[in-house]
Amino acid sequence: MVKYLSFVLILTFSFSINASEFNQAYQLGAGDSIQISVYQEPDLAFSGQISQQGKVDFPLLGSIDLSGFTQQQAKAHLELLLKDGYLVAPSVSIRVSSYRPFFIYGEVRSPGSYTYQPDITLEQVIALSGGLKDRASRTQWQIQRGQNKSLFLAKSDTVILPGDVIKIEKSFF
């Protein structure tokens, strides 16, 4: 019984670490909807989507590039910009209200863009897109990820992230 409880606690703790790691490592990008506020400065607020160029139009500062920043990095960047001649000790808060979609194409019944859902796996994405076509490969599933567009082969339990582009190849046999 003690072993079972230990296992459950370890498993629970590891999932909370993964969620926390995602929030800390997630890089903002085009298509993310965010809300920015500055403590006790209601006029210095932004609520909207990051543009295709990775920028937001922030009061006083103009067009600011936030693409590729984590939430913490973006917060520090905005605080530094606001300290430079505008505020003495700004306290910025950034919240992602909705993540950019992911895309799936190739040998699936309904290719296209889909709204990101936390912890969604490739198997679930394939089901969401109507399932595999008859000639679809059962193993050649590629994901293009991140700003550097790194490409890798994925498995059915691979977790999909916002902005991922998934390609389901044809099978030759």
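**Group meeting talk: a walk through a predicted model**

Okay, let's start with a single residue, Q40, which sits in the loop between β1 and β2. What's the sign of phi at Q40? Positive, at about 60°, although Q40 is not a glycine. And is Q40 buried or exposed? Exposed, with a relative accessible area of 62%.

Before I go on, one caution: this is a predicted model, so please keep that in mind all the way through.

There's another residue with that kind of backbone, and that's D119. Its phi is near 60°, again a positive value in a residue other than glycine. You'll find D119 in the loop between β7 and α3, the helix at 122–128. D119 has a relative accessibility of 62%, so it counts as exposed.

Right, let's zoom out. How many helices and strands does the protein have? Three helices and 10 strands. If you walk from the N terminus, the order is α-β-β-β-β-α-β-β-β-α-β-β-β. There are 173 residues in the protein, and 33% of them are buried. As for the surface, about 10,900 Å² is exposed, and carbon and sulfur atoms supply 55% of that. Now look at contacts between residues with a separation of 6 or more: 51% of those involve residues 24 or more positions apart.

Let's take the sheets next, beginning with the one that has three strands. It's an open sheet, in the order β2-β1-β5, and the pairing is antiparallel. Which strands are at the edges? β2 and β5, each of which pairs on one side only. From one strand to the next, the twist averages 15°. If you want to trace the pairing by eye, β1 and β2 run antiparallel with six bridges between them, and one place to look is S33, whose bridge partner in β2 is Q49.

Now add a helix to that picture. α2 lies across β1, β2 and β5, and it runs at about 140° to β5.

Those elements come up again when we look at the nonpolar side chains. The largest nonpolar core has 20 residues, and the members that touch the most others are L28, I34, I36, F58, L66 and L82. Who supplies this core? At least two residues come from each of β1 (33–38), β2 (41–49), β3 (55–58), α2 (71–83) and β5 (92–98). L82 is a nice one to click on: leaving out residues up to four places away in sequence, it touches V38, L44, F58, L61, L87, P90 and V92. There's also a second, separate core of 17 residues, and among its members are V125, W141, I143 and A154.

On to the other sheet. This one is open too, with five strands in the order β7-β6-β10-β8-β9, and here the pairing is mixed. At the edges are β7 (112–114) and β9 (150–153); each has a single partner strand, so one side of each is left without a neighbour in the sheet. The twist in this sheet averages 25° from one strand to the next.

Let me go across it pair by pair. β6, residues 102–106, runs antiparallel to β7, and three bridges join them; F102, for example, has Y114 in β7 as its bridge partner. β6 also pairs with β10, residues 165–170, this time in the parallel sense over four bridges, and there I104 stands opposite I166. Then β10 pairs with β8, residues 136–145, in the antiparallel sense over five bridges. In that pairing, Q144 has V165 as its bridge partner in β10.

Last stop: D32. Where is it? In the loop between α1 (2–25) and β1. Is D32 buried or exposed? Buried, with a relative accessible area of 0%. So what does its side chain reach? There's a polar contact of 2.8 Å between the side chains of D32 and Y26. The D32 side chain also reaches the backbone nitrogen of R100, at 2.7 Å. Setting aside residues up to four places away in sequence, the residues D32 touches are Y26, Q27, G48, Q49, I50, S98, Y99 and R100. You've met Q49 already: that's the bridge partner of S33 in β2.

That's the tour, thanks everyone!

Conventions:
Residues numbered from 1 in each chain as written. Predicted model: local features only at pLDDT ≥ 70, side-chain atom pairs only at ≥ 80, totals over all residues. Heavy atoms only, no water. Buried < 20%, exposed > 50% of the residue type's maximum accessible area, 1.4 Å probe, protein only. Contact = heavy atoms within 4.5 Å. Areas by Shrake-Rupley, 256 points an atom, 1.4 Å probe, with all protein chains shown as cover. Core = buried A, V, L, I, M, F, W, Y, C linked by side-chain atoms within 4.5 Å. Polar contact = N/O pair within 3.5 Å; in protein donor to acceptor, adjacent residues only side chain to side chain. Pairing = 2+ DSSP bridges. Axes fitted to C-alpha atoms, helices over the stretch in contact; angles between N-to-C directions.
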